[in-house]
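User: Hi! I'm new to reading protein structures. Could you walk me through a couple of spots in this one?
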Amino acid sequence: MAEAILSALASKILQGLGSLLIQEIGAATGVKKELRKLEESLSTVDAVLLDAEMKVAMNHEVKDWLRKLKDVAYDIEDVLDEFATEALRQKVELPNNMIVKQVRRCFSRSNPLVFRLQMANRIKDIIERLDRIQKDDVRAKSQFTTQSVDMEINNDFRRHTNSVVIGSEVLGREKDKENLVELLTSGGNQENVMVIPIVGIGGLGKTTLAQYVYNDERVKTHFDLQMWVCVSFNFNVANIAKKILENQSESELKEKLSKKRYLLVLDDVWNEHPGKWEDLRKLLIGEASGSMILVTTRSQEVASIMRPIKSFYPLEGLNETDCESLFNERAFGKGKETNYPELVEIGKAIVKKCGGVPLAAKALGSLLCLKRYKKDWLDVLHTEIWNLGEQEREILPALRISYNHLPSHLKQCFAYCSLFPQDHEIDVGDLIHQWMAQGFIQPPLRGSHVTLEDIGNRYFRELLWRSFFQEVREDRFGNIKECKMHDLVHSLARWVAGIEWSEVDSGNRPISIPEGVRHMVVRGKEGDVLNHQTLITFDRAQKLRTLYLQGDEFNELGISSGFVSSLRGLRVLKLRDLGMRHVPSSIGYLEQLRYLDLSGNDFEALPNSICRLYNLQTLRLEYCTSFDEWPRDMTKLVCLRHLELKSKFAMKYMPCGLGQLASLQTLGYFIVGDSNDRRKRSLKKVMGGLGELHGLNQLQGFLCIDGLGNVRDARDAEEAKLKDKSELQSLKLCWLTECSRLPLEDEQVFENLQPHPNLKELKICNYEGIKMPRWMTLSSSLLPNIVELQIFDCSNLKCLPLIGEFPCLRHLSLFSLNSLESICNRLVVRGNKGAVEGGNH
């Protein structure tokens, strides 16, 4: 499916070639003619891609043609990004000059002839490659067919599930549910433990049915104990036992189950080895009769080796009526299908092809929900994808059709998800940040208030609606935080990504990067070393756009400068939880890097070279417990939008100049340093005060301001301008400090920290003042949206605001308040429907 992703890439490049910035740079560097010819050559090929995107190429000659074209397109993008990066560097280094003058001065002061020849030769080489591709154009187009390509499905990972289900979303399974409830609650006493396997093809709803049964009140009443384990591909007895007991030992399992009637769900079982099942079964035999094991699996052989009572429970597809209801609800909206009688008839024919599979009906219903022309529906009905051979049935034809009908920009976003294993809960915000780093998100119109993150969130919701994501989890404010992918959908993602992604084990040996790979996951084990000899194909290493290092723990000295500097084309680099004690200074060579995750490592400082990453948008430093020294040139990270910090870490101050990063949206933690601490006087020039928050009005989500006891002048708190930060949802204010202070000083600081009325959650910790600020006591209109209020470890506090004046308040938590009695006298609740929690100590 390279042609789909390639079409989006080509459109993006053509837009870049036509931009004013690139034209000016071309003129300044003397390669304007070459850039214009490059644009013309790519435009010719782009017309073919529009046709190729709607078809699936089977001919090997065509696939090779597309691969070569995609490879040259990536090289063009690299050239354009190098131009743009150099212009950005000049803007940072010489901020007082016009950007075009900066570029001209840069290239005139350096050796203009050498630069011009270098760039002209690169562009000339690309044009020649495009010319050769164009010669194969006619021959390639004649080979386009509507047949499907062979699929290569990687089943190394299966999905992770839990017992939660929304009953209102289950349709057409009442009879199956009643049958299974009857089997579970009235089973005979022939054996201590009896097994009921639910068997059916992928996407049929086996897990959903098991969840539905598991949560039935009759089942909950019948069993003393209920347990849910997602087994997936790796049937490891010890791991299953630990999951059942939440990481306790095997020996404790028999003790826990002794004399108890239990229900255990083993979801998504693939093991066909009888011996492994016997080992687990021995652990599960208890002394109480009537215990049950409910299994979901696609394999009848798996079901048979588990020795079920009588036989397994075969799950059939939904009947046509239920399947049509599911399809119509997605396609038209509940009860609105009567407005489109002609489309309803075509829909019935489409539903018949779904074979009663709920996932297929939902996917196609979502696909057609915005299409109201008869032709669009007939195209889906008559596509030849329905005629797949048996070897290709692993990925449902309905999912393939849904993918084919995605816009190009959504196709590349979806394919990128192949990097995640199937037992992974996807952090939605983090996924969007990686899409941004890869350039997948179309930039908003100039002057628009819409952000890249807003557009990325819209992309995600479109894919969610089309059933490419599921099992979303929201935070208490209704924001989607995490999601999962069905195993069939994940297999589709890996198939459409094709040769662009690769997953390998390090094993202390050289890693060969296959040709065409742009996104790579390297798994390591303890003691593995990554150095400049690890990647033996340096030319291909430079073509990588994404690198994840995963595993237990690479050698702390193994992330060498040579290894890093060989990866100059990276846009995304994850070095998470590797036990790194230092970050190599060569990281500054990764000029195209947009996303860097160093979370969970043991380094104390970041090298100043990291500030040469002018394109960096996301820097993750979560749980870096030893980190205590910022690089001195943080102000040069002008594109930084997300600085992810989470406690706990050793940092005692924030860098001076942080407030100049006007694009910053995520910060998480801000630490007010102690400027009077003699031990840190050497840091006084690099330590930023509370006023650094002044211009950061795009901050979103959660912000904790710690060390407020170090604020020496209440005017600094006012300078932070918290009331201008309309996108903040949660604010935590902490005063903990080693210095002794007067309560009045804290009260003055608190008074000047008034947040924006949009704030939904406020937490107050270690406040030494006696009273609350006026903006909390005089009028509820200043905080009309507060949902949760927490006040703890405030030993001097003697009064609270009238809680009943907060119309949206649902949760009030009070802990460790020495003057609680006087506070309770002021606690007036007027019609709030929430919980008041807490107490003294």
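User: Let's start with H8 and H9. At what angle do their axes cross?
Analyst: Happy to help! This is a predicted model. In it, the axes of helix H8 (residues 174-185) and helix H9 (residues 206-214) cross at roughly 55 degrees and come within 10 Å. That angle makes H8 oblique to H9, because it lies outside the ranges for roughly parallel, antiparallel or perpendicular.
User: Cool. Is the crossing left-handed or right-handed?
Analyst: H8 and H9 cross in a right-handed way.
User: And which residues make the contact?
Analyst: H8 contributes Glu174, Asp176, Lys177, Leu180, Val181 and Leu184, while Leu209, Tyr212 and Val213 come from H9. Sorted by class, six residues in the contact of H8 with H9 are nonpolar, three are charged and no polar ones take part.
User: New topic: the sheet with E6, E7 and E8. What order are the strands in?
Analyst: The order is E6-E8-E7, in an open sheet of three strands with antiparallel pairing. Strand E6 (426-427) and strand E7 (470-474) are the edge strands, and each pairs on one side only.
User: How many bridges do E6 and E8 pair over?
Analyst: Two bridges, in the antiparallel sense, link E6 with strand E8 (residues 480-484). For example, aspartate 427 has glutamate 482 in E8 as its bridge partner.
User: Which helix packs on that sheet?
Analyst: That's helix H22 (residues 452-465), which touches E7 and E8. The direction of H22 makes about 40 degrees with that of E8.

Definitions and conventions: Residues are numbered from 1 along each chain as its sequence is written. This is a predicted model: local features need pLDDT of at least 70, side-chain atom pairs count only at pLDDT 80 or more; totals for chains, interfaces and linings use all residues. Side-chain values use heavy atoms; hydrogens and water are left out. Two strands pair if DSSP finds at least two bridges between them. Helices (H or I, at least four residues) and strands (E, at least two) are DSSP runs, numbered from the N terminus. Contact means heavy atoms within 4.5 Å. Axes are lines fitted to C-alpha atoms, for helices over the stretch in contact, and angles run from 0 to 180 degrees between N-to-C directions. Angles under 35 degrees count as roughly parallel, over 145 as roughly antiparallel, 65 to 115 as roughly perpendicular and the rest as oblique. A crossing is left-handed if the near helix is turned anticlockwise from the far one by less than a right angle, and right-handed if clockwise. Ala, Val, Leu, Ile, Met, Phe, Trp, Tyr, Cys and Pro count as nonpolar, Asp, Glu, Lys and Arg as charged, and the others, Gly among them, as polar.
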